[in-house]
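Work through the exercises below with the structure open, attempting each task before reading its solution.

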Amino acid sequence: LMSHQSFRERMSKRWFEMHDVVESYFDLIDETTELIRKSWNENFKVYNILETGIPPVPDYIVACKTIDEQAAFNKEWVRKRIEWLDNEFSKPNYNY
């Protein structure tokens with residue numbers, strides 16, 4: 001599909017249409033963090049596995065020791081992905 005200019009143009013156009021929706025994920029992460037905060041804390045009181053690195057959890061996730069650190073990690077991942085997609089879909093071969 002990527003070899004077809006019309007597909008690339010439509011994909012780029014759709015990304016920029018959905019950009020604001022994806023930006024709202026930051027609020028969703030904050031809302032979800034608050035919604036599950038108590039359960040998250042209770043879970044790790046009962047199951048002392050927070051820093052154990054149970055496979056296949058990667059080390060950069062294990063490094064997040066609080067729910068706020070995990071939320072910050074998720075928001076940073078989304079921010080970087082938005083930045084990459086913005087840059088990628090702004091290239092001339094994606095223009096519509």
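**Exercise 1.** Determine how far apart N and O lie in the salt bridge of Lys-91 and Glu-88, and classify both residues as buried or exposed or in between.

*Solution.* In this predicted model, the side chains of Lys-91 and Glu-88 meet with an N to O distance of 3.1 Å, which falls within the 4 Å cut-off for a salt bridge. Glu-88 has a relative accessibility of 16% and therefore counts as buried, since the limit for that class is under 20%. Lys-91, at 39%, is partly exposed.

**Exercise 2.** Establish how helix H2 (residues 25-46) and helix H4 (residues 67-89) are oriented towards each other.

*Solution.* Begin with the axes, which are 10 Å apart and enclose an angle of about 160 degrees. Because angles over 145 degrees count as roughly antiparallel, H2 and H4 are assigned to that class. The contact includes Ile-29, Ile-36 and Trp-40 of H2, together with Ala-71, Val-78 and Ile-82 of H4. Sorted by character, the residues of this contact comprise 9 nonpolar, 3 polar and 5 charged.

**Exercise 3.** Find which salt bridge joins Asp-68 to a residue of helix H2, and place it in its network.

*Solution.* The partner of Asp-68 is Arg-37, at 2.8 Å from N to O; Asp-68 belongs to H4 and Arg-37 to H2, with their positions 31 residues apart in the chain. Both are partly exposed, Asp-68 at 43% and Arg-37 at 22%. As a last step, adding Glu-34 gives a network of salt bridges that links Glu-34, Arg-37 and Asp-68.

Note on methods:
Residues are numbered from 1 along each chain as its sequence is written. This is a predicted model: local features need pLDDT of at least 70, side-chain atom pairs count only at pLDDT 80 or more; totals for chains, interfaces and linings use all residues. Side-chain values use heavy atoms; hydrogens and water are left out. Axes are lines fitted to C-alpha atoms, for helices over the stretch in contact, and angles run from 0 to 180 degrees between N-to-C directions. Helices (H or I, at least four residues) and strands (E, at least two) are DSSP runs, numbered from the N terminus. Angles under 35 degrees count as roughly parallel, over 145 as roughly antiparallel, 65 to 115 as roughly perpendicular and the rest as oblique. Contact means heavy atoms within 4.5 Å. Ala, Val, Leu, Ile, Met, Phe, Trp, Tyr, Cys and Pro count as nonpolar, Asp, Glu, Lys and Arg as charged, and the others, Gly among them, as polar. Buried means under 20% relative accessible area, exposed over 50%, partly exposed in between (1.4 Å probe, protein chains only).
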